[in-house]
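Student: I would like to learn how to read cysteine pairs and charged pairs in a model. Could you walk me through one?
Tutor: Gladly; let us look together.

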Amino acid sequence: MAKTGKRKKKVETVFLVCEETGDYNYTLRRKTGGEKLKLSKFCPRLRKHTIHVEKKK
């Protein structure tokens, strides 16, 4: 019997790491490929917004 369902898209779990403290504060599931994310997110240890960069498992 042939499968008629939709194909699963390739997704990976990545972490957003604070540049100042090195803490893993956020996780995301996103499609593979593309540029590394670099976002301004809240860092609970410093209690302010800092730059967070994407890091794989």
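Student: Why is the sulfur of Cys43 in no bond with the closest cysteine sulfur, in Cys18?
Tutor: Keep in mind that this is a predicted model. The general idea is a distance test, in which two cysteine sulfurs must lie within 2.5 Å. Here the sulfur of Cys43 is 3.9 Å from that of Cys18, so the two are too far apart for a bond.

Student: How many disulfides does the structure hold?
Tutor: Zero. Cys18 is in no disulfide, and its nearest cysteine sulfur is that of Cys43.

Student: Are these cysteines buried or exposed?
Tutor: The general idea is to read the relative accessible area, where under 20% means buried and over 50% means exposed. Cys18 is at 2%, so it counts as buried. Cys43 is buried as well, with a value of 0%.

Student: Now the charged pairs. How many salt bridges does the structure hold?
Tutor: The general idea is again a distance, with a side-chain nitrogen of Lys or Arg within 4 Å of a carboxyl oxygen of Asp or Glu. The structure holds four such bridges. One of them joins the side chains of Lys56 and Glu12, at 4.0 Å from N to O.

Student: Which parts does the pair of Lys56 and Glu12 tie together?
Tutor: Lys56 belongs to strand β4 (residues 48-56) and Glu12 to strand β1 (residues 11-18), so the bridge links parts 44 residues apart in sequence. Lys56 is exposed, at 52% relative accessible area, whereas Glu12 counts as buried at 18%.

Student: Where do Lys38 and Glu19 lie?
Tutor: Their side chains also meet in a salt bridge, with N and O 4.0 Å apart. Lys38 is in strand β3 (residues 38-43), while Glu19 sits in the loop between β1 and β2 (24-31), so this pair ties together parts that are 19 residues apart in sequence. Lys38 is exposed, with a relative accessible area of 57%; Glu19 is partly exposed, at 48%.

Student: What is the distance between the closest N and O atoms of Arg30 and Glu54?
Tutor: Those atoms are 2.5 Å apart, and the two residues form a salt bridge. Arg30 is part of strand β2 and Glu54 of strand β4, so the pair connects parts 24 residues apart in sequence.

Student: Are Arg30 and Glu54 buried or exposed?
Tutor: Arg30 is buried, with a relative accessible area of 19%. Glu54 is buried too, at 7%.

Terms used
Residues are numbered from 1 along each chain as its sequence is written. This is a predicted model: local features need pLDDT of at least 70, side-chain atom pairs count only at pLDDT 80 or more; totals for chains, interfaces and linings use all residues. Side-chain values use heavy atoms; hydrogens and water are left out. Buried means under 20% relative accessible area, exposed over 50%, partly exposed in between (1.4 Å probe, protein chains only). Helices (H or I, at least four residues) and strands (E, at least two) are DSSP runs, numbered from the N terminus.
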